[in-house]
Amino acid sequence: MAAHVEEREIQKNYWIEHSAELTVEAMMLDSKASVLDKEERPEVLSLLPSYEGKSVLELGAGIGRFTGKLAQKAGQLVAVDFIESVIKKNESINGHYKNVKFMCTDMTSPDLTFSEGSVDLIFSNWLLMYLSDNEVENLAKRMVKWLKIDIKRKYNPTRYREPRFYTKICWIWQKVRSQDDKGFQQFLDNVQYESNGILLYERVFGQGYVSTGGIETTKEFVAKLDLKPGQKVLDVGCGIGGGDFYMAENFGVEVVGIDLSINMILFALECATGLKCTVKFEVADCTKKTYPDNTFDVIYSRDTILYIQDKPALFRSFFKWLKPGGKVLISYYCKSAGSPSPEFAEYIKQRGYDLHYVEAYGQMLRDAGFDDVIAEDRTDQFNQVLQRELNAVEKGKDEFIQDFSELRLSLICFDLIYLIYSKLELIICTLFLFIVYNQEDYNVIVGGWKAKLIRSSSGEQRWGLFIAKKN
Ligand SMILES: C[S@@+](CC[C@H](N)C(=O)[O-])C[C@H]1O[C@@H](n2cnc3c(N)ncnc32)[C@H](O)[C@@H]1O
C-alpha cells in the first residue's frame, strides 16, 4: 500500500475510534479538556489576525470548538473535517450560522480544492501532528495557492511592530532522514535537560546559563576573544543562550547558537523576546551540521564538547568553519590520568560524557591544525565556583523550594480540581506527593553539587579552558 494511503487509513481509524463520544474531551484526547479549553481557546483566538467579513477556511474543525467563534466574525467560513459524525455534530451546533459551509473531506485529499487566491485566512489548531512530513509539505503548497495576496496597498509607511519587538523568529522546516539517531536528543530533552531540569540549573548558574560560573566566567572568557562589532560567532551547544545575548549586546557581534536539545532552543527563543541584538538559534547536532569554509570569526563552546565522542573530527570541522585569524574558545569537564573511580565512571556513563586529560585536548586542537593553543587546567576555579553556587542554593533553600513548589502546584492543579469532583479522599495523597517532590528538586541539586565538589577537590574531575587560533 502506498505510504500516503496507509498513513490516511491509520489516521482515519484512530480518529474514528476516538470520536465514539462527540465531546470536547474526546476531541482533545484529554479527560480535563474543558478546563484546558477555557484557557486555550481565548488565547488562540487572540493570536489571529483580523478576519472580520473575510473568507476563512477551518481545517480539522472537529465538533466546532472554534467554528462558532470564527463564524461570528467571518464573512464566509468553510469548516472541514474528515470524520462524518464529527462534522455533522459541528453542523448541529453551529449550523444556525448561515455563513458556514460544513464539508466532510480529508484535508490531504485533492478533492479539497479552492480557487487560487480566494481565501483570506486558513486556521487549524492541533492538527498538523496528524499529518506526515510529506503531507504537511503538500498541504502548505496548496494553502499558499488558495490564499489571497494583500495587494490593496502599494505603499504603506507604517512601521508595524510585534510585541516581540525587534526579535525575529523564523522557523525553517527541514526534511531530515527518519533513520537519523534521535536517541541522544531524546536523552537530552527527556532526561538531562527536561524543562524543569533546565529551570533548576538556570536557578543555580544564573539567568540564561546552564554551565559553570554563568555570567562571571562568561565575562572573563569572552574578554579573551577581542570581539569586534559585526564579527560572526558560532556558539556550539548554546543552551538557553545567556552567553550569546551577552556577546551580541556588549560587542555588537552576530551570534548563531546551535543546540541539539529542543527544550534549550525553545527557552533561548523565549529569552530573546524583546532583546535588541542579533542572535539566531537553531536545533542542530554539531557533529552533523555543516557550514561553508571560512564562515566564522569565533567558535565558542561552553561545557558541551564533553558530550562529543569524536572530538578530533569536530575540531577539524571547527578549523574549516573558522576564517583565517579566527579563534576557538572551549571550556569543558576533563579527568585526571588513570582510571576513574566507580562512582565517577558511573556518572560519566549516565551523562553520556567522553572525558580526557587537559593536555590531551590541547594536542587534539593542534592535530586539527590550530596554532597558539592554550590548554589551561581551571580545576581550582571550578572548585571555587561550585562552592559558591552550592552556598547560594543552601542559603536560599526556603525560597528555592517555594519557587519550585509554585511550579509544581500549577502542574497538579488540574488533578486537584478533578479529584475534588471525583474521589475526595485522594486529595490528601496528591498533596503529600507534591511536598515530597519539591524537596526532591532541591536535594537533587544540592546532592549533585556536593558530589561534583568531592570529585573535583580530589582532582579526579577537572575543568579545562582551551583557546586556539587558525593562522
Ligand atoms: C552544560 S550545557 C551548556 C549550555 C551553554 N553552553 C551554557 O554555557 O549555558 C551543554 C549543552 O550542550 C548541548 N549538546 C549536547 N550535545 C550536543 C550536540 N551534539 N550538538 C549540539 N549541542 C549539543 C546540550 O543540549 C546542552 O544544551
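In which helix do Lys88 and Glu84 lie, and how many residues apart are they? Both belong to helix H5, which covers residues 84-94, and they are 4 residues apart, or about one turn of the helix. This is a predicted model, and in it the side chains of Lys88 and Glu84 come together in a salt bridge, with 3.2 Å from N to O. That pair can be set beside the overall tally, which comes to 21 salt bridges.

Next comes the ligand. Its surroundings are made up of 21 residues, and the ones that come nearest are Val210, Ser211, Gly237, Asp259 and Asp285. Sorted by type, the shell around the ligand has 12 nonpolar residues, 5 polar ones and 4 charged ones. Two of the nearest residues also turn up in polar contacts with ligand oxygen. For Ser211, an N or O atom of the side chain sits 2.5 Å from an oxygen atom of the ligand. For Val210, the partner is a polar backbone atom, which lies 2.9 Å from a ligand oxygen. Arg302 also uses its backbone: a polar atom there is 3.1 Å from a nitrogen atom of the ligand. As for how much of the ligand is covered, it would expose 600 Å² taken alone, and the protein buries 95% of that area.

The second largest pocket is worth a look too. How much space lies in it? The figure is about 490 Å³. Its lining is built from 30 residues, and those nearest the centre of the pocket are Gly60, Gly62, Asp81, Asn125 and Trp126. Several elements give two or more residues to this lining: helix H1 (3-17) and helix H2 (24-28), along with strand E1 (55-59) and strand E2 (76-81). Asp81, one of the residues nearest the pocket centre, falls within the 76-81 span of strand E2. By type, the lining of the second largest pocket breaks down into 18 nonpolar, 7 polar and 5 charged residues.

Note on methods:
Residues numbered from 1 in each chain as written. Predicted model: local features only at pLDDT ≥ 70, side-chain atom pairs only at ≥ 80, totals over all residues. Heavy atoms only, no water. Near = heavy atom within 4 Å. Polar contact = N/O pair within 3.5 Å; in protein donor to acceptor, adjacent residues only side chain to side chain. Areas by Shrake-Rupley, 256 points an atom, 1.4 Å probe, with all protein chains shown as cover. Nonpolar A, V, L, I, M, F, W, Y, C, P; charged D, E, K, R; others polar. 1 Å grid on protein atoms, 1.4 Å probe; cavity = no way out; pocket = protein on both sides within 12 Å on 5 of 7 lines; lining within 4 Å. Points joined across faces, edges and corners; volume = space filled by probe spheres on them. Salt bridge = Lys/Arg side-chain N within 4 Å of Asp/Glu carboxyl O.
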